[in-house]
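Student: I have a structure to go through and would like to start with the ligands. Could you walk me through it?

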Amino acid sequence: MNQQFGVVVVAAGKGSRMGSTESKQYLLMDHKPILVHTLEVFQNIAEVSSIVLVIGAGDESRCEQYTEQYKLTKVSQILSGGSERQASVLKGLRALPLDTNWVLVHDGVRPFVTRRDVLACWQQAIQEGAAVLAVPVKDTIKVVDYAGYIESTPNRRSLWAIQTPQAFRLGDLINAHEQAEADEFIGTDDAMLLERLGSKVAIVEGSYTNIKITTPEDLTWAEFSIQRDKGENK
Ligand SMILES: Nc1ccn([C@@H]2O[C@H](COP(=O)(O)OP(=O)(O)OP(=O)(O)O)[C@@H](O)[C@H]2O)c(=O)n1
Ligand SMILES: C[C@](O)(CO)[C@H](O)COP(=O)(O)O
């Protein structure tokens, strides 16, 4: 039945590249934690059956409080993550309700994803088996060797910057994670774990505004973007 899908939101990272004392997922944007902005996107999508939130150890009570305060009723589980993003995702997958057919995995620090792009990613996964949001790269990308010299320049037309959510059949993704765990393989996204098993993963063109808040510049842009949108909606 392709009426609904489960969501795993991963927010168990330390945010070291942000350089803030507070983990970046809890930094305020328009007076609200970044993570809450992200959770609200999925809370407001009717096709979302449940949200499993994966957080850092010690953040349980603050996240329980957020779910109450912001009425995040679709958050069905809050559990602690692992040392790598991949481990956090697998813990979340295993906590989804057993009748979950489709799962979307999303970074807790991508608060600007739109309902339209989330649903487009899911619909493409239903057609193709697996799909990820992405945007064509705008800069020229080069492969650089360890000495700091340019080795090659891939054709830019074939290069996409991959985002989340990433959409899969739950069984396929759990299997791919378990195979990666057995092979001691750690990837930087979930699609890699299916690609390495030979599965096709489709690209869905998303939005350049679906940034992953990673460094201080991202936070500056995010706050500007929110204030601009508020101004336009007055
Ligand atoms: N062990 C980890 C590492 C990352 N994440 C989550 O995965 C998402 C993308 O990771 P990233 O942006 O790299 O977050 P951090 O790992 O916190 O950042 P950094 O690499 O700068 O420490 C974030 O929502 C982060 O909280 C996670 O759940 N568990
Ligand atoms: C999953 C991801 O957001 C796709 O671009 C990215 O790989 C996460 O990388 P991070 O280093 O864990 O932020």
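Tutor: A definition helps before anything else: a polar contact here is a pair of N or O atoms within 3.5 Å. Please also keep in mind that this is a predicted model.

Student: Okay, with that cut-off, how far does a backbone N or O atom of Lys14 lie from an oxygen atom of ligand 1?

Tutor: The separation is 3.1 Å, between a backbone N or O atom of Lys14 and an oxygen atom of ligand 1. The backbone of Ala12 offers a polar atom 2.9 Å from an oxygen atom of the ligand, and for Gly15 a polar backbone atom is found 2.7 Å from an oxygen atom of ligand 1.

Student: And what share of ligand 1 does the protein bury?

Tutor: Ligand 1 taken alone exposes 560 Å², and of that area the protein buries 88%.

Student: Which residues are the closest to ligand 1?

Tutor: The closest are Val10, Gly15, Ser16, Arg17 and Ser88, out of 19 residues that surround ligand 1. By class, that shell holds four nonpolar, eight polar and seven charged residues.

Student: Where is ligand 1 in terms of pockets, and which elements give two or more residues to its shell?

Tutor: Ligand 1 takes up the space of the largest pocket. The elements that supply two or more residues to the shell are strand β1, residues 5–11, and helix α3, residues 85–95.

Student: Now ligand 2. Where does that one sit?

Tutor: Ligand 2 sits in the largest pocket, and the space taken by ligand 1 is likewise described as the largest pocket. Around ligand 2 the residues are Arg17, Arg85, Asp107, Arg110, Ile162, Thr164, Thr188, Asp189 and Lys212. Arg17 is thus listed around ligand 2, and Arg17 is also among the closest residues to ligand 1.

Student: How does that shell split by class?

Tutor: The shell around ligand 2 has six charged residues, two polar ones and one nonpolar one.

Student: Which atoms are within polar contact distance of the oxygen atoms of ligand 2?

Tutor: Ile162 has a backbone N or O atom 2.6 Å from an oxygen atom of ligand 2, and Thr188 has a polar backbone atom 2.7 Å from an oxygen atom of the ligand. From Arg110 the contributor is a side-chain N or O atom, which is 3.0 Å from an oxygen atom of ligand 2. Taken alone, ligand 2 exposes 360 Å², of which the protein buries 75%.

Student: Changing topic to backbone geometry: what kind of peptide bond joins Thr164 and Pro165?

Tutor: The bond between Thr164 and Pro165 is cis, with omega of about 5°. Pro165 belongs to strand β10, which covers residues 160–169, and Thr164 is one of the residues around ligand 2.

Student: What about phi for Asp30 and His31?

Tutor: Asp30 has a positive phi of about 55° although it is not a glycine, and His31, also not a glycine, has a positive phi of about 70°. Asp30 is placed in the loop between β2 (28–29) and β3 (32–33), and His31 is in the loop between β2 and β3 as well.

Student: Why does His31 count as exposed?

Tutor: His31 counts as exposed because its relative accessible area is 70%, and the exposed class begins over 50%.

Student: How many residues of helix α1 are buried?

Tutor: Helix α1, residues 34–43, is mostly covered, with 10 of its 10 residues buried. Among them are charged Glu40 and polar His37, Thr38 and Gln43, along with Phe42.

Student: And Lys74, buried or exposed?

Tutor: Lys74 is buried, because its relative accessible area is 17% and buried means under 20%. Lys74 is found in the loop between α2 (60–69) and β5 (75–80).

Student: Last one: how far apart are Thr215 and Lys24 in space?

Tutor: Their C-alpha atoms are separated by 9.0 Å, while along the chain the two residues are 191 residues apart. Thr215 is placed in the loop between β11 (202–205) and α7 (216–232), and Thr215 counts as partly exposed because its relative accessibility is 25%. For another pair, Pro97 and Arg156, the C-alpha atoms are 41 Å apart in space, with the two positions 59 residues apart in sequence numbering.

How values were computed: Residues numbered from 1 in each chain as written. Chains lettered and ligands numbered in written order. Predicted model: local features only at pLDDT ≥ 70, side-chain atom pairs only at ≥ 80, totals over all residues. Heavy atoms only, no water. Near = heavy atom within 4 Å. Polar contact = N/O pair within 3.5 Å; in protein donor to acceptor, adjacent residues only side chain to side chain. Areas by Shrake-Rupley, 256 points an atom, 1.4 Å probe, with all protein chains shown as cover. 1 Å grid on protein atoms, 1.4 Å probe; cavity = no way out; pocket = protein on both sides within 12 Å on 5 of 7 lines; lining within 4 Å. Sits in = over half its atoms within 2 Å of the grid points. Helix = DSSP H or I, 4+ residues; strand = E, 2+ residues; numbered from the N terminus. Buried < 20%, exposed > 50% of the residue type's maximum accessible area, 1.4 Å probe, protein only.
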